[in-house]
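Student: Could you walk me through this one? I'd like to start with how the chains meet and then move on to whatever else stands out.

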Amino acid sequence: MKKSPKIALIGNPNAGKSSLFNSLTGLRQKTGNFPGVTMDKLIGKWNLETGTEAEILDLPGIYSIYPKSVDEQVVINILANPQHPDYPDMAIVVADASNLKRNLLLFSQVRDLGIPTVLALNMIDVAENSGIVINSFKLAKELNVEVAEVNAKKGIGLNGLRLAVNKTLEQRFNSNDSLPVEYSPELIDEIKEKYGDTDDYHALLWLSEHDNLKQFDTEQRVGFDKLQEKYGWNSKKFQAQETVSRYAVLNEIVDGCLHQIPVEDEPVKTWTDRLDKVFLHQFWGYFVFLGILFLMFQAVFTWAAYPQDLIDNGVAWLNQYLKDTLPESQLVNLLTDGLIAGIGGVVVFVPQIVFLFLFISLLEETGYMSRVMFIMDKLMRRFGLNGKSVVPLISGVACAVPAIMSTRSIGSWKDRLITIMVTPLMSCSARLPIYTVLIALVVPEKSTLFGIFSLQGVALFGLYLLGFGMAILSAWILKVVLKAKERSYFIMELPSYKGPRFKHIMISLLNSTKAFVFEAGKIIVAISIVLWVMASYGPGNAMQEAEQKVKTENPTLTGADLENKIAAQKLESSYAGHFGKVLEPAIKPLGYDWKIGIALLTSFAAREVFVGTMSTIYSLGGEVDDENTTVMNRMRAEINPETGKPMYDAALGFSLMIFYAFAMQCMSTLATTYRETKSWRYPAIQLVYMTTLAYLSAFIVYQLLK
Amino acid sequence: MRTVADLKIGEKGVIVSFSDELLSLKLLEMGCLPGTQVTMTHIAPFGDPIAVKVSGYVLSMRKDEASTIVVA
Ligand SMILES: Nc1nc2c(ncn2[C@@H]2O[C@H](COP(=O)(O)OP(=O)(O)OP(=O)(O)O)[C@@H](O)[C@H]2O)c(=O)[nH]1
Ligand SMILES: [Mg+2]
């Protein structure tokens, strides 16, 4: 036996491959109860027996070895190419026992590729609930493989699986040389002669899928085309015939091994049937969906407020404590007013982000997500999207980067491209802190809508809806511009509802929250330091001149008032001030001054630094009194020098919110768009159209409310 | 010619053939084989897409896709 055999987990989408991967390796690959969660391969380690550690490869789900979308193509590129570095020594085909026949189609294809295979029967519990009993001993005999019953979610049956795997690895594997379909042996011989010796089924797979297989270059592809012509080969016909004859064989096997109680005509009424009566209802379906979303935003705003207050007070206390104990210096100011206030500005939003992630993972884990795809497909299609675009759009509320990756399961390139282009308009979690601060400044806290919903929560819900509305509007415009007539389809399994595992949800919450805090934290610390330097020093002796100027212009001023005036003048004369001033004429029509200009500059690459920048700028720019320790209080105290009224009034507040809602201020998203579209054109378009949209909308809002 | 798209909720039909070659492969792979029974289970708001029970699970598809599956 090889020292560390490579074992690939292969199976239909949603069969439980990633759950099994997690149980075997102890890692935390993302799972979810809808087809198309895993989008790329992931490798982990599993102890087979002392001394042997297997490499486990988790892959996207496939229905057959003939791929229909980009995520499926990843798997076929590996399976079709025995020279591929990830080509497995063995496969565990994970099958959903509640849907055995369809799952076995793929099993039989993988086995015919000559890959030693073990069948893992998963979701036995689900099968039993709908009255299905499977005789797995008989099945093993009929299929001539080792079969292991497992519960991937709970990690039951792993020892049986280990035994089956060990046994299979030790045996010499005899590939099945009688394929259940007809083909010409001369054709096979010619393929083998030209493209290297292989088994018949690989040769046929190459012939019918060569256009999409990475292993072949253009010349080789042309060669395949010629062969197809010579032998009058029709790939689609062959694949259809193959599928039908495989099912014919499997039908008999399954009928002999599977027992359904009661008879097929009157299946057991399951929970899924009952729930779907409401969730997929013509009217109640939408009602429930909107209700769930609304609840989510109320939770984010109102329930999270209590832990947020605690954190806020904690940060303020820490800052005050440090200021009181450490000697007064510029560096201490950087630490307290810049760094700690900036990081506190992010940490304070952790409770909100936790609630947001919690709701999204509940949608994904229960199976409700695919119902949303179902009821939204028609609406989405009108705007050039696809029911499957719902997944990226909803997970875009957390972060656009994984959301854009999840578009890989969308079969049509046009639908997928449009979805990629508009997903960043969904309000991601990095925008949440900005919204929260600004809403708290301009929307009265105590007001309610109809006496029950907090107006601040409603405003937040409105901003998210606005992002969604703009996303589908942009999609519609793209649809008109692209005019692509590519065919898209929506043939998709609706999985049964499954109860979420509390422990899994908690762990994934913890992980995503940690990632958010650390990723955002790193950027904020880096940018805060740069900003502090830029705001504390100016060209030449600009800083001394600023101090001199204030002193000569206000000879009567003394004490704290004088210090504040000097600090404000210094900030204005610093490098950062200069940059802000350069930008000012361009953003004046949106109601922004040069200080906000600095924030726009710093948040160009990552919008989460907005709050941190604000805290640094307003702490350096004067008015340092003890009560204004939090960012929000400082912004509230800011006076507009032209009107003498508070700077952050409704007009400016909403103008800023709209700007941040639409602007493309995220390098990682642009990089992901580049990776997924393989062209600089699309991220460039994204940057230009979103920034333009942000500018124009903020302009209109400000001019209307002013 | 009756197709899956013509079924009412709760109505059953047996697949006879497909009228679209490109789609038929995907449908076959998903277990919609000639001779199997399909039951219409859900129709989305606005009448499209639809969901059917076939080979023991629920499969959703658009109306124009359903209309390529001829049933008896
Ligand atoms: N009841 C039950 N649920 C399971 C079992 N195994 C997995 N699940 C659930 O089934 C759903 C799908 O599991 P995943 O592991 O994400 O499936 P996958 O095969 O990786 O799916 P894709 O990545 O989309 O191809 C999740 O909600 C799991 O919690 C099981 O044995 N019993
Ligand atoms: Mg997976």
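Tutor: We can take the interface, the shared sheet, the ligand and some backbone details in turn. This is a predicted model, in which local features need pLDDT of at least 70 and side-chain atom pairs count only at pLDDT 80 or more, while totals for chains, interfaces and linings use all residues. Residues are numbered from 1 along each chain as its sequence is written, chains are lettered from A and ligands numbered from 1 in the order in which they are written, and side-chain values use heavy atoms, with hydrogens and water left out.

Student: OK, how many residues does each chain put into the contact?

Tutor: Chain A contributes 39 residues and chain B 32 residues, where contact means heavy atoms within 4.5 Å. Together the two chains bury about 3,400 Å², with 60% of it on carbon and sulfur atoms; buried area is the accessible area (1.4 Å probe) that two parts lose on being put together, summed over both.

Student: And which residues of chain A lose the most area?

Tutor: Those are Phe374(A), Arg487(A) and Ile491(A), which together account for 19% of what the chain A side buries.

Student: How many salt bridges cross over?

Tutor: The rule finds three across this interface, a salt bridge being a side-chain nitrogen of Lys or Arg within 4 Å of a carboxyl oxygen of Asp or Glu. One of them links Asp48(B) with Arg381(A), whose closest N and O atoms are 2.8 Å apart. Another pairs Lys68(A) with Glu29(B), at 3.1 Å between the closest N and O atoms. That pair runs from the loop between strand S3 (52–58) and helix H2 (70–79) of chain A to helix H1 (residues 21–29) of chain B; helices (H or I, at least four residues) and strands (E, at least two) are DSSP runs, numbered from the N terminus.

Student: Why would such side chains pair at all?

Tutor: Side chains of opposite charge can pair when their charged atoms come close.

Student: Switching to the sheet: what is the strand order?

Tutor: It is an open sheet of six strands, ordered S11(A)-S4(B)-S3(B)-S2(B)-S1(B)-S5(B), with antiparallel pairing. S11 of chain A and strand S5 (69–71) of chain B stand at the edges with a single partner strand each, so one side of each is left without a neighbour in the sheet.

Student: What holds S11(A) to S4(B)?

Tutor: Two bridges join S11(A) to strand S4 (residues 57–61) of chain B, and strands are taken to pair if DSSP finds at least two bridges between them. Glu493(A) stands opposite Leu59(B), while Met492(A) has Ser60(B) as its bridge partner.

Student: What surrounds ligand 1?

Tutor: There are 25 residues around ligand 1, and the closest are Lys17(A), Ser19(A), Val37(A), Thr38(A) and Asp125(A); a residue is near a molecule if one of its heavy atoms lies within 4 Å of it. An oxygen atom of the ligand is 2.9 Å from a polar backbone atom of Gly16(A), and an oxygen atom is 2.8 Å from a polar backbone atom of Gly36(A). For Ser18(A), an N or O atom in the side chain is 2.8 Å from a ligand oxygen atom.

Student: Last one, which peptide bond is cis?

Tutor: The bond from Asp48(B) to Pro49(B) is cis, with omega near -5°, and Pro49(B) lies in the loop between strand S2 (37–43) and strand S3 (50–54) of chain B. Asp48(B) also forms the salt bridge with Arg381(A).

Key. A polar contact is a pair of N or O atoms within 3.5 Å; within protein, one must be able to donate a hydrogen and the other to accept it, and residues adjacent in sequence count only if both atoms are side-chain atoms.
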